[in-house]
Amino acid sequence: MTSIVVNLSDLELDPAATLDSGQVFRWRHLNESRTEWMGIVSGAQFKVTRKVATLVGSDRNSFDFDELISRYFSAGDRLESIFSSFPSDDPLLNSALSRFSGLRLITQDPWECLVSFVCSINCNIPSIKLKIENLSRKYGKRIDSSLDEKSYSFPTARALSKAEKNDLLNCKLGFRWRYVKFIAQKVAAGDLDLEKIYSMPYKAGLSELISKDSGKTFGVGPKVADCVLLYSFHKSEAFPLDVWIMKCVKKYYSTELNKLPEKLTLRNYLFIAESMRERFGINAGYAQLYLYEKIRRDSVTQSKARA
DNA sequence: TCCCAGGTCCTAC
DNA sequence: GTAGGACCTGGG
């Protein structure tokens with residue numbers, strides 16, 4: 001395998017913030033200072049630092065890895081210009097922007113992203129990583145790597161559409177097994193065409209992802225759909241509302257909403273997300289990314305302080 | 001042992 | 001239309 005090194009120095013990339021931000025789940029740090037990371041992108045294994053991405057393994061012989069990595073880290077996004085699009089009178093967001101500058105939106109494969117966030121339902125991040133790793137080991141392809149450790153590509157929809165219930169349960173999917181199998185069958189059969197969502201506006205993409213077949217269990221609600229729209233289709237208006245962001249909205253932004261509903265029904269979800277879009281504008285998804293990072297890190301710091 | 005986690009679905013009203 | 005509760009499981 002020829003040595004392929006992609007230059008990242010123009011990106012202002014903070015790998016620790018970006019690769020451990022809950023957008024992607026197939027990365028781990030290689031040193032305690034969290035400056036070197038290793039992970040899988042579209043069947044290729046990379047080592048990443050602030051300055052470069054180095055290909056260390058792949059199941060493809062020839063491929064434009066430079067293009068793959070530039071796209072993955074959303075190289076077209078200019079952070080300074082995005083930051084300047086936010087309201088200046090927001091101390092919480094401003095503190096997050098300066099503290100985590102270099103946190104970038106990932107543009108990952110929609111299929112992998114969809115399954116990952118279905119696996120995220122009612123789970124914490126280590127548990128999501130475990131599920132995805134198990135699925136990849138069981139149903140993915142072994143990646144030929146220059147490193148000793150074994151790694152596997154993310155399984156195709158076709159592979160997961162044929163998976164047995166017990167095997168999915170052995171991958172620790174729990175009740176999510178039927179959701180994963182269902183969407184795999186839907187994608188494999190062409191009933192859900194993820195590719196066409198690239199050209200759709202945000203709201204049409206949202207409807208496409210959360211549409212149901214005769215009320216049948218699907219596993220994709222507004223939160224999962226927003227994550228997929230933001231982290232793979234790069235629809236930057238998407239503002240995923242999870243338990244962390246809801247705590248943040250209640251504490252800092254609830255006065256902007258006429259009355260903050262207690263229960264997050266679909267209707268309430270759409271109302272709150274729309275309010276946040278009105279506040280943060282076209283790049284609301286970037287604001288969500290930074291706010292999420294801040295409240296999650298602050299929570300870790302606080303729980304350590306209490307211990 | 002209990003509680004919670006990047007939610008969604010079903011039932012009853 | 002919506003509140004209440006169930007759901008697998010690992011980790012703190």
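Here is a chat between a trainee and a mentor about domains and charged residues in a predicted model.

Trainee: Let's start with the layout. Into which domains is chain A divided?

Mentor: Keep in mind that we're looking at a predicted model. Two pieces of the chain, 85-97 and 235-299, make up domain 2. The others are domain 1 (4-76) and domain 3 (110-231), so the division, which comes from an automatic or database assignment, reads domain 1, domain 2 and domain 3.

Trainee: How much area do domain 1 and domain 2 bury between them?

Mentor: Their C-alpha centres lie 28 Å apart. At the interface, six residues of domain 1 are in contact with five residues of domain 2. Carbon and sulfur atoms account for 40% of the buried area, and the total is about 380 Å².

Trainee: Which three residues supply 67% of the area that domain 1 buries against domain 2?

Mentor: No other three residues of domain 1 supply more of that area. They are D20, S21 and Q23.

Trainee: And which residue forms a salt bridge with D20?

Mentor: Between domain 1 and domain 2 the count is one salt bridge, and there are also two residue pairs in polar contact across that interface. For the partner of D20, the closest N and O atoms are 3.7 Å apart, which counts because the cut-off is 4 Å. That partner is R297.

Trainee: How many salt bridges turn up in the whole structure?

Mentor: Side chains of opposite charge can pair when their charged atoms come close. One such pair is E208 with K196, at 3.7 Å between the closest N and O atoms. E208 is in helix α10 and K196 is in the loop between α9 and α10, 12 residues apart. Searching the whole structure gives 14 salt bridges.

Trainee: Now helix α13. Is R277 buried or exposed?

Mentor: R277 and E274 both sit in this helix, three residues apart, or about one turn. Their side chains meet in a salt bridge at 3.1 Å, N to O. E274 has 25% relative accessibility, so it counts as partly exposed. R277 has 11%, which is under the 20% cut-off, so R277 counts as buried.

Trainee: On to helix α14. What relative accessibility does E293 have?

Mentor: E293 shares helix α14 with R296, three residues away, and the two form a salt bridge with closest N and O atoms 3.7 Å apart. R296 is buried, with a relative accessible area of 14%. E293 counts as buried too, at 1%.

Trainee: Which residues do salt bridges with shared partners join into one network?

Mentor: We've already met the pair R296 and E293, as well as R297 with D20. Salt bridges that share partners bring these together with further residues. The full network is D20, R34, K129, E293, R296 and R297.

Trainee: Last one: D77. Why does D77 have no salt bridge with R104?

Mentor: D77 lies in the loop between α2 and α3, and R104 is among the residues in contact with it, along with H234 and Y286. A salt bridge needs a nitrogen and an oxygen within 4 Å. D77 is buried, and R104 is the nearest side chain of opposite charge, but it doesn't qualify because the distance is 5.1 Å.

Trainee: So with which side chain does D77 make a polar contact?

Mentor: Histidine isn't counted as charged here, but a polar contact is a matter of N or O atoms within 3.5 Å. The contact is made at 2.7 Å, and the partner is the side chain of H234.

Technical notes. Residues are numbered from 1 along each chain as its sequence is written. Chains are lettered from A and ligands numbered from 1 in the order in which they are written. This is a predicted model: local features need pLDDT of at least 70, side-chain atom pairs count only at pLDDT 80 or more; totals for chains, interfaces and linings use all residues. Side-chain values use heavy atoms; hydrogens and water are left out. Helices (H or I, at least four residues) and strands (E, at least two) are DSSP runs, numbered from the N terminus. Buried means under 20% relative accessible area, exposed over 50%, partly exposed in between (1.4 Å probe, protein chains only). A polar contact is a pair of N or O atoms within 3.5 Å; within protein, one must be able to donate a hydrogen and the other to accept it, and residues adjacent in sequence count only if both atoms are side-chain atoms. Contact means heavy atoms within 4.5 Å. Buried area is the accessible area (1.4 Å probe) that two parts lose on being put together, summed over both. Lists of a residue's contacts leave out its neighbours within four places in sequence.
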